[in-house]
Amino acid sequence: MIDRYLLRYFLAVIDQGNFSKAAAACNVSQPTLSAGIAKLETLLGRPLFIRTNRRVELTAAAVHLADHARRIEAEFAAAERAVHETPAPQSLRLGVLASIPAAWIEDYVAGLHEAGIAERIEFVEGRERELAERLARGSLDIALSIIRDDVRFASERLMTEGYALAMPAGHPLARRDLIDGAELAGETMLVRRHCELLSDTSRYFTARGVRPFFAARTTSDDRALRLVRAGLGVTVMPDCFAAPGVARPRLADFPFTRDIGLLFGAHADAAALRDRPAVRSLADLVESRSADGYARRTV
């Protein structure tokens, strides 16, 4: 097989008229170029140049090779231009709060494909504090997370939601719209370990004399919903979580809410980032979820 660099050496000798100028044009030493021409002649089994004191003369084999070599080099150059002129897909390092429903991210990715948005997205899941640290370090461009009043990044609120119980649809209290925490004194509960409201929830039930048995501790909200539906216990979750067979009644005197939105990395141009198609698509999806009302009881 003839390597491209050998053809380039060959054409340089033709164009420059001698080996020393050809070597300079190829940015190699003359011995290196001479060795390359010798290798090419060996591969072809024919001499290509007749050396004289002033110039080199082409053999008949070199004349035949020259036309092919120029066409091959032109194709190489065209291929390189095509690659360089094709814009590289943009990359987006997106942090996602662990307590964002997986279904949202699934719908988001599917929507990107349907819309033909070709940005490369690196998803990084984490807790609120972990995402904030990554944004500050510049290892994330943007995060879908909780927006606090004292937020230190450029941000955009997209929705506000509350919290409610998650219990099996067949539970005796499941058809109630409002349940007092004290009524759950005998209930088995599940702990969502990454819940941003974990301490407040614990204090709420402790104040009402509820000290339950915890049947499971999980960092997976999908697993928590499935365990609730199976009847293992009840838990507290943001309104955005729903599943067939899981009821979502409210807790009395449990006023907590959370604002969900976009946080922009300290290094990022927030306005330019917000205008990117992948970010617009994410914002539209979250805002559409906030408009659907979050039916709290499923059948």
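**Exercise 1.** Is Asn27 buried or exposed, and what is its relative accessible area? Add where Asn27 lies and what is notable about its backbone.

*Solution.* The model is predicted, and the solution begins with the surroundings of the residue. Asn27 lies in the loop between helix H2 (19–26) and helix H3 (30–44). Its relative accessible area is 71%, and since exposed means over 50%, Asn27 counts as exposed. As for the backbone, Asn27 has a positive phi of about 60°, although it is not a glycine.

**Exercise 2.** Treat Asp253 in the manner of the first exercise: find its place, its exposure and the sign of its phi.

*Solution.* Asp253 is found in the loop between strand S12 (250–251) and strand S13 (257–264). With a relative accessible area of 62%, Asp253 is exposed. Its phi is near 55°, which is a positive value in a residue other than glycine.

**Exercise 3.** Describe how strands S8 and S9 are arranged, and state which unit they make with helix H7.

*Solution.* Strand S8 (residues 188–192) and strand S9 (residues 213–218) pair in the parallel sense, over five bridges. Arg192 of S8 has Thr218 in S9 as its bridge partner. Together with helix H7 (residues 198–207), S8 and S9 make a right-handed β-α-β unit.

**Exercise 4.** Which residues of helix H8 are buried, and why can they be said to lie on the same side of H8?

*Solution.* The buried residues of H8 (residues 221–229) are Asp221, Ala224, Leu225 and Val228. Because they cover an arc of only 100° around the axis, they are placed on the same side of H8. The general background is that an α-helix has 3.6 residues a turn, so residues three or four places apart point the same way. The cover over the buried residues of H8 includes strand S6 (155–168), S8, S9, strand S10 (235–238) and strand S11 (246–247). Just after H8, Gly231 takes a positive phi of about 95°.

**Exercise 5.** Decide whether Arg192 is buried or exposed, and list its contacts beyond its neighbours within four places in sequence.

*Solution.* Arg192 belongs to strand S8. Its relative accessible area is 2%, and because buried means under 20%, Arg192 is buried. Leaving aside neighbours within four places in sequence, Arg192 is in contact with Ser99, Leu198, Thr218, Asp221, Ala224, Thr235, Val236, Met237, Pro238 and Phe241. Among these contacts are Thr218, its bridge partner in S9, and Asp221 and Ala224, which are buried residues of H8.

Definitions and conventions
Residues numbered from 1 in each chain as written. Predicted model: local features only at pLDDT ≥ 70, side-chain atom pairs only at ≥ 80, totals over all residues. Heavy atoms only, no water. Helix = DSSP H or I, 4+ residues; strand = E, 2+ residues; numbered from the N terminus. Buried < 20%, exposed > 50% of the residue type's maximum accessible area, 1.4 Å probe, protein only. Pairing = 2+ DSSP bridges. Right-handed = clockwise from strand over helix to strand, strands pointing away. Arc of directions from axis to C-beta. Contact = heavy atoms within 4.5 Å.
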